[in-house]
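Hello,

Here is the structure I said I would pass on. My notes on it follow below.

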Amino acid sequence: MLAEKLVAAYAGLKVLYISGYTDSFIAGHGVLSPECHLLNKPFTETALIHKVREVLDGVKKDQRREMVLVGPSAVRPS
């Protein structure tokens, strides 16, 4: 896969996968590891913006529930 080759060549590269398949289908077929960031179609412009910010900030899946969305930005509660 292209993303895997790029991540191997460029340490720290962040990847966001976008798919029309459900999370359960993807997980059941072992397509993506649990550490991968995935945005399911269809999505809104706002959802895309938040997801890109999440990936760029390095938020892990177990930290997502602790985030509070405020307007166009995401902040972590103190």
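In which helix does Leu-6 lie? Leu-6 belongs to helix α1, which covers residues 2-9. Please keep in mind throughout that this is a predicted model.

Surface patch

Leu-6 is partly exposed, its relative accessible area being 34%. Together with Leu-2, Val-7, Tyr-10 and Leu-13, Leu-6 makes up a nonpolar patch on the surface. The accessible area of these residues together is about 470 Å².

Strands

Strand β1 takes in residues 16-19, and its side chains alternate. Tyr-17 and Ser-19 point to one face and are buried, whereas Leu-16 and Ile-18 point to the other face and are not buried. The partner of β1 is β2: the two strands pair in the parallel sense, over 4 bridges. Within this pairing, the residue opposite Tyr-17 is Leu-38 in β2.

The loop after β2

Strand β2 (37-40) and helix α3 (45-57) are joined by a loop, and Pro-42 lies in that loop. The peptide bond between Lys-41 and Pro-42 is cis, with an omega of about -10°. For background, most peptide bonds are trans.

Salt bridges in α3

How many salt bridges are there? The count comes to 2.

One of them links the side chains of Glu-54 and Lys-51, with an N to O distance of 3.3 Å. Both residues lie in helix α3, 3 residues apart, or about one turn of the helix. Are Glu-54 and Lys-51 buried or exposed? Glu-54 has a relative accessibility of 11%, so it counts as buried, the cut-off being under 20%. Lys-51 is also buried, with a relative accessible area of 11%.

The other salt bridge is formed by Arg-53 and Asp-57, whose closest N and O atoms are 3.1 Å apart. These two residues are 4 apart in helix α3, so about one helical turn separates Arg-53 from Asp-57. Arg-53 counts as partly exposed because its relative accessibility is 37%, which falls between the 20% and 50% limits. Asp-57 is partly exposed as well, at 35% relative accessible area.

To recap the helix: the pair Glu-54 and Lys-51 is made of residues that are buried, while Arg-53 and Asp-57 are partly exposed.

Regards

Terms used: Residues are numbered from 1 along each chain as its sequence is written. This is a predicted model: local features need pLDDT of at least 70, side-chain atom pairs count only at pLDDT 80 or more; totals for chains, interfaces and linings use all residues. Side-chain values use heavy atoms; hydrogens and water are left out. A salt bridge is a side-chain nitrogen of Lys or Arg within 4 Å of a carboxyl oxygen of Asp or Glu. Buried means under 20% relative accessible area, exposed over 50%, partly exposed in between (1.4 Å probe, protein chains only). Patches are made of residues with over 30% relative accessible area and no salt bridge: like charges are joined within 9 Å, nonpolar side chains (Val, Leu, Ile, Met, Phe, Trp, Tyr) within 5 Å. Accessible areas come from the Shrake-Rupley method with a 1.4 Å probe; for residues, only the protein chains shown count as cover. Two strands pair if DSSP finds at least two bridges between them.
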